[in-house]
Amino acid sequence: MAEQKSNLVTEVLKGTSQVFFMENAVTGILFFAAIAYASYASDAWATTIGAVVGVVVATLTARLLDCDEASTASGLFGFNGVLVGVALPTFIADSPQLWVYVVIGAAVSTVITAAFSATLTGRWGIPGSTGPFVLTGWLMVAGAYSFGGLHVTGSAPKLPTDYLQGLASIPRPAELVQIFFRNIGQVFLLGSEISGAIILLGIFIASVRAGLATVAGSLIAMVVAIGMGADPTAVSQGLYGFSPVLTALAVGVIFLKTSPKVIAYAALATVATVFVQAALDVMVAPVGIPSFTAPYVLTMYLFIAPKKLMAPHPHKPVADHMVGNAHAEPASSPSTAAS
Amino acid sequence: MAEQKSNLVTEVLKGTSQVFFMENAVTGILFFAAIAYASYASDAWATTIGAVVGVVVATLTARLLDCDEASTASGLFGFNGVLVGVALPTFIADSPQLWVYVVIGAAVSTVITAAFSATLTGRWGIPGSTGPFVLTGWLMVAGAYSFGGLHVTGSAPKLPTDYLQGLASIPRPAELVQIFFRNIGQVFLLGSEISGAIILLGIFIASVRAGLATVAGSLIAMVVAIGMGADPTAVSQGLYGFSPVLTALAVGVIFLKTSPKVIAYAALATVATVFVQAALDVMVAPVGIPSFTAPYVLTMYLFIAPKKLMAPHPHKPVADHMVGNAHAEPASSPSTAAS
Amino acid sequence: MAEQKSNLVTEVLKGTSQVFFMENAVTGILFFAAIAYASYASDAWATTIGAVVGVVVATLTARLLDCDEASTASGLFGFNGVLVGVALPTFIADSPQLWVYVVIGAAVSTVITAAFSATLTGRWGIPGSTGPFVLTGWLMVAGAYSFGGLHVTGSAPKLPTDYLQGLASIPRPAELVQIFFRNIGQVFLLGSEISGAIILLGIFIASVRAGLATVAGSLIAMVVAIGMGADPTAVSQGLYGFSPVLTALAVGVIFLKTSPKVIAYAALATVATVFVQAALDVMVAPVGIPSFTAPYVLTMYLFIAPKKLMAPHPHKPVADHMVGNAHAEPASSPSTAAS
């Protein structure tokens, strides 16, 4: 019983550290400290409470559903839950229904994690990563508009024309430093540069290489976003940086073996993530939801999906089609791979 | 020839009963009675005619395309067609082009059913269910805005802010009974509580267990929708109940073997479907289309997808990536499963 | 070195011809002539320059990433790049950032092509075709609204109600001829009937059968779009024809072996593409992006996906589910296929 309890604590801390792909309880403690600091600074504790509730419920749900034990122990069923728990109170005002939402949302995030594992990962070799959080978060924030018991505060519907910007000027050096750290803090939806610094410390404690990739991702995002003329307010809050930071880390260090070629590939992915951030912000805006880490998730999926020796389907008949294709020989390598 | 004809009638009736996962011609007759009663009550017969045309065209298309014979005979290529046939005249005003739309839409629903079978079902083990109807219906109602020959009457584009509600009061007992039955009738897009009762009778005739799950789904949906403060008008029309009813049935009885654990799992899925209903209503509103059974389809896919022994991808390199990952050992179970 | 260079030219020309599924350098030259003629006629050369940059960058990226050599040589990694290169300058005003966008977009289109090949093609047997172009184009045009350095000129956000049309009258014969050729030219986003004629010539040079399918696709699209009452201005510009043309070619000639049954199947697919065109125009309009060739891509995917002997999942328990389904026998053929 005591062992069980301490295991849950460890799983919860590791689950929190897995938001940045780490499996390290100390890193998890620092991440919680970063969340709590932001709550303290803004006097809004619902996000910290939500984080705890989210990761505990998600982890317990994984246990109840007999999910893979080693994965549960290493926190792989917890990191989507902690993000759901931080995100919902960030975008929805406090109410009894909000907490129903957080609990159900965290439990469902575990089911979705298992669903992504069985399909995307199991069949296509693509890590689900924070995709389950994005899907859960989108559905629940959008759904909140339909419910009188919930009030969306952190987002508002708008059309793309509301985005038209003048060319941005380059921020002052002190602000550049703030942006650098906020780009990291916003992975946990925290606008505080202090929180970002604590998180970065937690990453370096777990892995120097991961820390360096995080730094590189934040710098690339800043240069690209400012160079393209993104909304200076959004850039300043770190909203153009958190997805690229995750992409740099995921593509450059975690899911591919670091090498000069992989570093170049990860740099392209990181630049692309800034563009995808700009796009998804516009695309989800009419329904009044934030893009969350979807820019990272989409870009990472696309950059991790390609496999060795895979060729596009040639412009020749596909094999085994239902209609009138009886004797098509399985000639092409892609068709063969598919069979 | 006579045998062929009678087969088609049986297939059409079974196809209609398959909307609720039943394979029972008597149930199909009752479902048609429910549709006809709603037409009679509202003096709008296009939906009943559409239902017949839809299921006949979809079934004949399956025969012409040499789709799997056993599946065609059991109605598995008909139930998306009958829903297309009811839905299009519900949301689009009568015109010659509407009937072109119904015929082509029903035929295409069979192709999409075959496409979902070969991919979602064949590769990921997820039943396509009414997904093909949702996709066909969305495309055709959205497309109707572009065509002068079609006039969309049953839906209108709006932004999420149009959804903000005050907290709902609890309906009177007599209205609760109406909602209970309308939640079932709306699976066929019927707002009549009498139609809902006829449909429920049809389900009980085919399977008592399925009938009980339908009852439970309707009750859960009512409690959750009212408790969250959903729009009282929509709740009263049964619009928050039809997808949860299908989820309760699909997850609790049809696609998993009923057990205490599965019942708890299905209850979570049913609650989640109410939230997804709220979300998808908002998400599709800007393009002026109804969400149809998409809340059921999405939730069911996510709850049915998880497989035994499937672990999320560990935060380690994926195997066989195109770039710079030449000698990655296929260490992790997910990667192995993918190969 | 010299050989390498000449290979690149051939690959680039073949890649351009692959937009219409051909692998023919002469056809590629004619396609470039069609693009250049439209630039000359409108005095807007950015599209022609973009086409060259796009296909060259996409092809070189395929080489740098060690993509399948035979595919690269036959132009299969180039045709999405050439379309990105034409599309971005069509919808975004000239600026230094536009050209960053074209280069990064073309490079990313190759990564996405490899991603689609490994998943859609490798696992589901569906050709990726111009799907990578559509995804890249959507993200980059939507993203442009967020960047001060980019100005979207060719599209504007609107809601479906802006689409309501009166019934169209039938165009004059001379205009019908223009529409016929513009339907073909718009595959390259060219509104010029002369360009369309040059492209058709290029197709016939490579394959008479492909040329005939192109002609049939354009005619069917015209009849259906006018008959349904589509916006006469859009019809006149060829905007209802380019996706159906590609569908007719892909389903009727390229990906299935031509036969009477396949021709009927392709005709249904071509009609459906006109409806999907109408739908996707409406669906993407709120975010201010064009539908590009998405109507073709979606319809083709759905019509090519069905496989022989594939049955829908029966309404019985799925095999190997995580929750409470321990001893489910793998009874049904779809489940077996999935395992």
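This short talk walks through a predicted model, from its symmetry to its helices, its salt bridges and a surface patch.

Before I start, a word on conventions: residues are numbered from 1 along each chain as its sequence is written, while chains are lettered from A and ligands numbered from 1 in the order in which they are written. As this is a predicted model, local features need pLDDT of at least 70 and side-chain atom pairs count only at pLDDT 80 or more, whereas totals for chains, interfaces and linings use all residues, and side-chain values use heavy atoms, with hydrogens and water left out.

Let me begin with how the chains are related. A turn of 120° and a shift of 0.0 Å along the axis lay chain A on chain C with an RMSD of 0.0 Å, where copies are superposed by least squares on the C-alpha atoms of residues with pLDDT of at least 70 in both. That is the relation of a three-fold axis, and in chain A the C-alpha nearest this axis belongs to Pro286(A), 4.1 Å from it. Chain B can likewise be laid on chain A, by a turn of 120° and a shift of 0.0 Å along the axis, with an RMSD of 0.0 Å; in chain B the C-alpha nearest the axis is that of Pro286(B), at 4.1 Å.

Now to the helices, which here are DSSP runs of H or I with at least four residues, numbered from the N terminus. Helix H2 of chain B, residues 25-42, has 18 residues and reaches 26 Å from its first C-alpha to its last, close to the 26 Å expected at 1.5 Å a residue, the expected span being 1.5 Å times one less than the number of residues. At the N-terminal end of H2(B), Asn24(B) acts as a cap, with a side-chain oxygen 2.9 Å from the backbone nitrogen of Val26(B), and the helix is followed by Asp43(B), whose phi is positive, near 55°. Among the buried residues of H2(B) are Leu30(B), Phe31(B), Phe32(B) and Ile35(B), where buried means under 20% relative accessible area, exposed over 50% and partly exposed in between, with a 1.4 Å probe and protein chains only.

In chain C, Ile35(C) sits in helix H2 and counts as buried at 0% relative accessibility; its C-alpha is 8.9 Å from that of Leu189(C), although the two are 154 residues apart along the chain.

Helix H13 of chain B, residues 260-284, is largely enclosed by the rest of the structure, because 19 of its 25 residues are buried.

That helix also brings us to contacts between chains. Over all chains there are 12 salt bridges, each a side-chain nitrogen of Lys or Arg within 4 Å of a carboxyl oxygen of Asp or Glu. One of them links Lys261(B) with Asp66(A), the closest N and O atoms being 3.0 Å apart, and this pair crosses from helix H13 of chain B to the loop between helices H3 and H4 of chain A. Lys261(B) is partly exposed at 35%, whereas Asp66(A) is exposed at 53%. Another salt bridge, between Glu23(C) and Lys14(C), has an N to O distance of 3.8 Å.

Finally, on the surface, Tyr37(A), Tyr40(A), Trp45(A), Ile49(A) and Ile194(A) make a nonpolar patch of about 520 Å². Patch residues have over 30% relative accessible area and no salt bridge, with like charges joined within 9 Å and nonpolar side chains (Val, Leu, Ile, Met, Phe, Trp, Tyr) within 5 Å, and accessible areas come from the Shrake-Rupley method with a 1.4 Å probe, only the protein chains shown counting as cover for residues. Of these residues, Ile194(A) lies in helix H9 and is partly exposed at 41%.

Definitions and conventions. Helices (H or I, at least four residues) and strands (E, at least two) are DSSP runs, numbered from the N terminus. A polar contact is a pair of N or O atoms within 3.5 Å; within protein, one must be able to donate a hydrogen and the other to accept it, and residues adjacent in sequence count only if both atoms are side-chain atoms.
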